[in-house]
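Let's take a quick tour of a protein chain. Have a look at the fold first, then work through the notes below.

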Amino acid sequence: MTGAELKELRGRLEQEREGISQALGGVLEAGRPVSLDDPIGRLSRMDAMQQQAMAKAQHKLMVEQLDAIELALSRMAEGEFGECLRCGEEIAIARLRARPTATLCVGCQGAREG
Ligand SMILES: [Zn+2]
């Protein structure tokens with residue numbers, strides 16, 4: 001991987017981290033507990049609880065994404081970015097472009113999923 005490619009991917013990771021951090025605030029707002037004192041009907045309360053559950057799941061997903069981005073950025077700082085965590089081979093740049101948080105090469109990812 002060239003320095004320019006690394007810089008490009010780091011820029012994308014930082015941008016993504018920024019976007020997720022901002023979106024997290026909105027998700028937390030949607031996921032706040034439903035007050036039983038709210039003057040809403042039973043159906044509305046179920047709607048609200050369903051929305052809350054969705055927000056919670058979304059929040060978990062976003063936190064996981066943030067973790068993956070942090071890991072990728074720290075691996076960049078260590079000069080290990082782009083190395084497969086399993087076999088140590090270089091991960092193809094096309095794969096990293098599609099998913100900069102990838103930590104496994106195509107072969108190892110396939111082995112893990114299959
Ligand atoms: Zn591998």
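Going along the sequence, you meet the pattern α-α-α-α. That's four helices and zero strands. Keep in mind that this is a predicted model, and that its pLDDT averages 89 over the chain.

**How confident is the prediction?**
- A pLDDT of at least 70 is reached by 89% of the residues.
- Among the elements, helix α3, which covers residues 93–98, has the highest mean pLDDT, at 96.
- At the other end of the ranking sits helix α4 (residues 106–113), whose mean of 86 is the lowest.

**The chain as a whole**
- The chain has 114 residues, and 10% of them count as buried.
- Take the contacts between residues at least 6 apart in sequence: 56% of these join residues at least 24 apart.

**The core**
- Which residues make up the largest nonpolar core? There are eight of them: L9, L13, I69, A72, F81, I91, L96 and C105.
- Two helices each supply at least two residues of this core, namely α1 (3–30) and α2 (42–78).
- Zoom in on L96, one of the core residues. Skipping residues up to four places away in sequence, L96 touches L9, G82, I91 and A102.
- Two of those partners, L9 and I91, are on the core list as well.

**A stop in helix α2: Q65**
- You'll find Q65 in helix α2.
- Is Q65 buried or exposed? Neither label quite fits: Q65 is partly exposed, because it has 17 other C-beta atoms within 10 Å, while being buried takes 20 or more and being exposed takes 12 or fewer.
- Now compare sequence with space: Q65 and E16 are 49 residues apart along the chain, yet their C-alpha atoms are 9.3 Å apart.

**A stop in a loop: L85**
- L85 belongs to the loop that runs between α2 and α3.
- Why does L85 count as partly exposed? It has 14 C-beta neighbours inside 10 Å, so it falls between the cut-offs of 12 or fewer for exposed and 20 or more for buried.
- Which residues does L85 contact, if you ignore its neighbours within four places in sequence? The answer is T103 and L104.
- A102 is 17 residues away from L85 along the chain, and 9.6 Å separates their C-alpha atoms.
- A102 has also turned up before, as one of the residues that L96 touches.

Technical notes
Residues numbered from 1 in each chain as written. Predicted model: local features only at pLDDT ≥ 70, side-chain atom pairs only at ≥ 80, totals over all residues. Core = buried A, V, L, I, M, F, W, Y, C linked by C-beta atoms within 7 Å. Contact = placed C-beta atoms within 7 Å. pLDDT = per-residue confidence, 0-100.
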